[in-house]
Structures are given as C-alpha cells and as structure tokens.
Amino acid sequence: MKRKQYISLSLVLLLGAGGVLSGCSSKEAASATGEQVILVGTQNDYPPFAFADENNELTGYDVEVVKAVDEKLDGYTFEFTAVPWDSMFLALESNKIQAIADQVAKTPERQEKYLFTDESYFAAETVIAVKTGREDIQTIEDLEGKKIGALAGDSYTLLLEEYNKKAEKAIDLKYSESGNPSEILQDVQNGRLDAYVNDPIMINAVLEKNDLDVEIVGQPLVNDDMGIVLKNGEQGEELKALIDPILEELKQDGTLVELSKKWTGGEYIPE
C-alpha cells in the first residue's frame with residue numbers, strides 16, 4: 001500500500017483568469033515519489049462531496065473515493081486541486097488537470113466528449129428545492145416561467161436546458177456568477193429565485209450548515225450515476241483501465257458503502 005500526501009488549500013496557487021487552483025510543481029512531486037502525478041480537479045464548496053474543511057484542506061466523499069483508489073494504484077500519484085465548476089472542463093481540456101472527481105453525471109453528451117470510468121462510484125438523485133411552505137412547485141412542469149438558479153454546464157442545468165427545448169413556456173434559468181450552491185439556496189430563501197434543482201444530499205448539507213428556510217419538494221426528477229472523468233488520450237485510457245478494476249474492488253469490499261454512509265448518511269452506490 002502506498003503512503004500518500006495530498007494537497008491542502010493553504011498550499012494552492014492561483015493559475016490564470018480561469019481561477020484554477022493548483023499545488024506544488026507536479027515535476028517536483030513526481031521526482032520525489034518516482035510516480036507520475038495526476039492533478040484531480042474538484043470544487044471546494046460542494047459539501048459533502050468536495051469542500052474545504054476547517055483546516056482548509058479538500059475533503060468529502062468524492063475526495064476520499066479518489067484517495068482510496070490512489071492507495072491501490074501504483075505508478076501514479078493523485079493530487080487534488082480546487083477548481084470552480086464553470087472552469088472545470090476547460091481545465092481538463094487544457095491539461096491543467098487530468099481528471100475530475102466532482103459528482104459529474106454520465107450524460108450521453110458528456111460521454112461523447114470526455115472519458116469516463118465505466119464503473120460509477122455514486123448514484124445521485126435530482127430534486128427541486130423551494131422556500132419552506134411554498135406549495136405551487138412540485139414538478140418540473142411547475143418550473144415553467146419561474147426563476148430557477150443554475151450553474152452553467154452541470155447535469156442539473158443541462159436537464160432544465162433540455163426541458164426548455166420542448167416546453168410551452170421556458171424555465172427562466174438564472175445562471176450563478178459565483179458558482180456557489182450556498183448562495184443560490186440563499187437566493188431561494190430570500191425570494192430572488194423561485195427554486196433550485198440539484199442533488200438532495202448536497203442541498204440538505206448546505207441547509208443544515210447555513211440554517212436556511214428552504215425545503216425539498218416533490219419526487220426526484222431523475223437518477224444519475226457519477227463517474228471519474230479523465231482527459232482523453234493515451235494516459236487517460238491507461239488510467240481508466242487501471243481505475244475501473246479498483247473501483248469495482250472498492251464496491252465489492254464495502255469501501256464505497258462505508259464512505260457513502262460516512263459522508264451522506266446512506267448507501268448510494270450504483271448496482
């Protein structure tokens with residue numbers, strides 16, 4: 001078993017206007033460990049999946065899943081780097097990062113463009129959150145004509161954008177400039193937005209932390225499987241071939257269930 005060191009946010013360095021955060025030199029790290037360094041992008045404000053803890057270090061379910069994979073993977077070392085969601089795929093395409101572990105759903109559109117692990121490590125739902133007591137919103141149809149918080153490019157927003165292509169009255173998507181789900185949910189509480197569509201586990205974590213007067217309503221709109229995203233190319237294909245068996249092992253030996261219970265309070269592992 002390899003002994004690992006992971007980047008803390010206190011050590012990260014801002015790179016360029018895209019806001020990508022990175023750690024110490026990959027070349028230096030590779031020289032020290034004799035292994036090839038893979039920079040893994042994730043958010044620092046998406047609890048309980050990926051966020052900065054009280055010590056300003058990246059942690060959460062997605063981060064610990066990657067660490068569990070890393071412990072079993074020889075020849076490579078994973079380092080985490082905090083990247084805003086709206087810069088995530090650009091960072092992957094420009095090779096500022098070589099992987100993403102950030103609750104990325106395996107949509108057909110993404111699978112055409114990016115390389116995903118075959119094995120999924122989390123099964124997520126998509127739900128609607130509104131100000132507590134509001135009764136006029138229960139379904140996706142009820143969102144038509146209303147102001148809904150959105151993050152450009154995430155699977156929840158893509159779902160609503162696809163719905164708008166066929167809707168009689170379009171959902172009024174309000175794209176967040178900050179990219180922070182907490183701020184979007186605060187706008188729902190304050191009435192600047194009518195609702196927000198996202199994962200119930202993340203929503204409940206933010207509501208509990210910030211004591212917001214917001215609740216989840218209706219039935220889940222859709223279920224998605226989450227995978228690790230890798231940069232297309234020879235290295236990505238090699239990593240995928242190595243990571244998939246490890247994810248399957250972590251699923252079979254109960255590690256993913258244990259981590260899911262630890263971070264989400266339930267078992268959300270795909271079959």
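**Notebook: Q98, strands, helix α2 and salt bridges**

I began with Q98, whose side chain reaches the backbone nitrogen of L39 at 2.8 Å. The model I am reading is a predicted one. I noted a second approach to backbone from this side chain, to the oxygen of N95 at 3.0 Å.

I then looked up where Q98 is found: the residue is in the loop between α3 (88-93) and β8 (99-100). Is Q98 buried or exposed? I recorded a relative accessibility of 9% for Q98. Since buried means under 20%, Q98 counts as buried.

I listed the contacts of Q98, leaving aside neighbours within four places in sequence. V37, I38 and L39 are among them, as is L92. The list also includes V229, L230, K231 and Q235.

**Strands**

I turned to the open sheet of 3 strands, which has the order β4-β5-β6 and antiparallel pairing. Which strands stand at the edges? They are β4 (45-46) and β6 (58-59), and each has a single partner strand, so one side of each is left without a neighbour in the sheet.

I followed the pairing of β5 (residues 50-52) with β6, which is antiparallel and runs over 2 bridges. I noted F51 here, whose bridge partner in β6 is T59.

I next examined β11 (residues 147-150) and β12 (residues 172-175), which pair in the parallel sense over 4 bridges. For K147, I found the bridge partner D172 in β12. What do these two strands make with helix α5? β11, α5 (residues 155-164) and β12 make a β-α-β unit, and I entered its hand as right-handed.

**Helix α2**

I checked the span of helix α2 (residues 61-72). Its 12 residues reach 17 Å from the first C-alpha to the last, close to the 16 Å expected at 1.5 Å a residue. Which residues of α2 are buried? I listed Y61, D62, V63, V65 and V66, followed by A68, V69 and D70. Two aspartates, D62 and D70, thus stand in the buried list.

**Salt bridges**

How many salt bridges are there? I entered a count of 13, and I looked up several of them individually.

The side chains of K262 and E64 form one, at 2.9 Å from N to O. This pair links distant parts of the chain, as K262 lies in helix α9 (residues 255-264) and E64 in helix α2, 198 residues apart. I noted K262 as exposed, because its relative accessibility is 53% and the cut-off for exposed is over 50%.

K113 and E93 meet in another, at 3.5 Å from N to O. K113 lies in helix α4 (residues 108-113) and E93 in helix α3, so the pair ties together parts that are 20 residues apart in sequence. I recorded E93 as partly exposed, with a relative accessible area of 40%.

D194 and R134 also meet in a salt bridge, at 2.9 Å from N to O. I located D194 in the loop between α6 (181-190) and β13 (195-198), and R134 in the loop between β10 (122-131) and β11; the pair therefore ties together parts that are 60 residues apart in sequence. D194 counts as buried at 14% relative accessibility, whereas R134 counts as partly exposed at 25%.

My last entry is a network: salt bridges that share partners join D118, K240 and D244.

Notes. Residues are numbered from 1 along each chain as its sequence is written. This is a predicted model: local features need pLDDT of at least 70, side-chain atom pairs count only at pLDDT 80 or more; totals for chains, interfaces and linings use all residues. Side-chain values use heavy atoms; hydrogens and water are left out. Two strands pair if DSSP finds at least two bridges between them. A crossover is right-handed if, with the strands pointing away from the viewer, the path from the first strand over the helix to the second runs clockwise. The expected span of a helix is 1.5 Å times one less than its number of residues. Buried means under 20% relative accessible area, exposed over 50%, partly exposed in between (1.4 Å probe, protein chains only). A polar contact is a pair of N or O atoms within 3.5 Å; within protein, one must be able to donate a hydrogen and the other to accept it, and residues adjacent in sequence count only if both atoms are side-chain atoms. Contact means heavy atoms within 4.5 Å. A salt bridge is a side-chain nitrogen of Lys or Arg within 4 Å of a carboxyl oxygen of Asp or Glu.
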